[in-house]
Amino acid sequence: MFLLGAVAVGLVSIGFAYVADAAQDYYHRLFAWNAYALLLITPATFALFAYATKRWFDGAQGSGIPQAIAARRHNGGALAAKLLAPRVTIAKILMTTLAIAAGASIGREGPTVQIGASIMFLVGSYAGIGRQPGLILAGSAAGIAGAFNAPLAGVLFAIEEMAQSYDRRLSSLVVAAVVISGITTLLLVGDYNYFGSVDGTAKGWSLWIAVVLCALIGGAMGAVFSRLLVFLSMAPLRWLGWMRARPLLTGAVCGLIVAVLAIATGGFAGGSAYAEAKLLLQGGADQPWWYVPAKLAATVLSSASGIPGGLFSPSLSIGASLGGNLGHLLPEVDVGAVALLGMAGYFAAVVQAPLTAFIIVLEMTDDAGMTVPLMAVTLLAAGLSRLITPEPLYHALSYGFEARKHVA
């Protein structure tokens, strides 16, 4: 059962990646055909999905990582059965895919974590296992590994972010799930890097100035993003409560603002912006500085609106764009190298998991020459973010799912 579950996580990760990439391509074609069509399509999609999620698929909203954390914290049981129910994860796949096509600033990687946890939880249920935090942890790790084709990142993510501790008994379970899911991915799609091969090797004092700049600015921006998202999602203010009780209105307003930002940035603020980030890493793109805050705002609004969708892809794109802009201040350093540092720094600040961020970026780009600078920027940025925002983003959001009064 465990073997079949891990293979299933790999297969679903591949399928989800395929349809999400197709949705992103559709978004680009739609924007090229008539960008102003987003002013109708994006708000309508946000409103419909926010309402459907709240009404019929509660637990599908947002990233999916907080749900997996909450389910594991409660050792399975009624909360896990609700948050990891098959109908919730199926709805999450469908709505995330369609929302990307409609211009939402979201990604598929976080949802893949919830999907992996759901599959392994279902495996445990069929096997008659009552309490299954280990299987939820293993499924989450396999989901990350399958989403990025980054097996080491999957293992570290399970230890550093999901469990926040090392347990020898669970480590074998996690590694086994990641290996099986990874083998499935390799057999079907081969060995590939998420952002291709990036040669960002750089030397000298200018490189370390770039490390400091990316850590300070990326760390501060990542912390602000986390605080803002938690505030909009959970703050007990009357006007926020009024908005949350009206998902149609909230979704429409958030969708309209995202559409305006997407049009103003030539499409960058909408969708995952994966292609734009890849161009930046390869030193072949140039963007105005205000694209970064526009993308950050679009990502906050997409996540706070109540629709399903992850934060990984947009965060990586924001970080790469931030680094690309900072690279203009250091002309003696390759722009791709600074974009890589910006990506790692901002992402580490958002998730506050420096080792996971370091390994994910390293495995995604296959750039061993930047190992030490990447490690330094992730540690510094995550440390600064923790000073500004003591509670890690995903763990802060997970408490909201535990507080649902209608959950047994």
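Is C214 buried or exposed in this structure? In the predicted model, C214 has a relative accessible area of 1%, and because this value falls under 20%, C214 counts as buried. A second cysteine, C254, is likewise assigned to the buried class, with a relative accessible area of 9%. As for disulfides, the count in the model comes to zero.

The overall architecture is helical, since the protein chain has 19 helices and zero strands. Of its 408 residues, 60% count as buried, and the accessible surface of the chain comes to about 15700 Å², with 69% of that area belonging to carbon and sulfur atoms. When contacts between residues at least 6 apart in sequence are considered, 83% of them join residues at least 24 apart.

One of the helices, α6, covers residues 109–126 and consists of 18 residues. From its first C-alpha to its last, helix α6 reaches 26 Å, which is close to the 26 Å expected at 1.5 Å a residue. Of the 18 residues of α6, 15 are buried, so this helix is largely enclosed by the rest of the structure.

The interior was next examined for nonpolar cores. In soluble globular proteins, nonpolar side chains tend to be buried together. In the present model the largest nonpolar core has 68 residues, and those with the most contacts inside this core are F148, F225, F312, L341, V361 and L374. Helix α16, which spans residues 335–351, supplies the largest share of the core, namely 13 residues. Apart from this core lies another, of 21 residues, which includes A20, A52, L261 and L301. With residues up to four places away in sequence set aside, F225 of the largest core touches L296, T299, V300, L311, Y346, V350 and L393.

Aromatic side chains were also considered as pairs of rings, and the structure holds seven such pairs. In one of these, the ring centres of F312 and F347 are 4.9 Å apart and the ring planes stand at 80°, so the pair is classed as edge-to-face. Because F312 lies in helix α15 (residues 312–327) and F347 in helix α16, the pair ties together parts of the chain that are 35 residues apart in sequence. Both partners are buried, with a relative accessibility of 1% for F312 and a relative accessible area of 1% for F347. Elsewhere, ring pairs link F268, W290 and Y291 into a cluster.

The loop between α16 and α17 (354–365) contains Q352. Most residues other than glycine have a negative phi. Q352, although not a glycine, has a positive phi of about 55°. With a relative accessible area of 6%, Q352 is also buried.

Two further buried positions, G255 and S302, illustrate how parts of the chain that are separated in sequence come into contact. G255 lies in helix α12, which runs over residues 247–264, and at 0% relative accessibility G255 counts as buried. The C-alpha atoms of G255 and L38 are 8.9 Å apart in space, while the two residues are 217 residues apart in sequence. Leaving aside neighbours within four places in sequence, G255 is in contact with T42, P43 and F46. S302 belongs to helix α14 (residues 291–304) and counts as buried, with 0% relative accessibility. When sequence neighbours within four places are again left aside, the contacts of S302 are with F46, A104, S105, I106, V258 and I307. F46 is thus named among the contacts of both G255 and S302.

A contrasting environment is provided by F231, which is found in helix α10 (residues 205–234). With a relative accessible area of 35%, F231 is partly exposed. Not counting residues up to four places away in sequence, F231 touches L237, W239, L240 and R244. The C-alpha atom of F231 is separated by 9.8 Å from that of L397, a residue 166 residues apart along the chain.

Technical notes:
Residues are numbered from 1 along each chain as its sequence is written. This is a predicted model: local features need pLDDT of at least 70, side-chain atom pairs count only at pLDDT 80 or more; totals for chains, interfaces and linings use all residues. Side-chain values use heavy atoms; hydrogens and water are left out. Helices (H or I, at least four residues) and strands (E, at least two) are DSSP runs, numbered from the N terminus. Buried means under 20% relative accessible area, exposed over 50%, partly exposed in between (1.4 Å probe, protein chains only). Contact means heavy atoms within 4.5 Å. A disulfide is a pair of cysteine sulfur atoms within 2.5 Å. Accessible areas come from the Shrake-Rupley method with a 1.4 Å probe; for residues, only the protein chains shown count as cover. A nonpolar core is a set of buried Ala, Val, Leu, Ile, Met, Phe, Trp, Tyr and Cys residues joined through side-chain atoms within 4.5 Å. The expected span of a helix is 1.5 Å times one less than its number of residues. Rings of Phe, Tyr and Trp (its six-membered ring) pair if their centres lie within 6.5 Å; planes under 30 degrees apart count as stacked, over 60 as edge-to-face and the rest as tilted.
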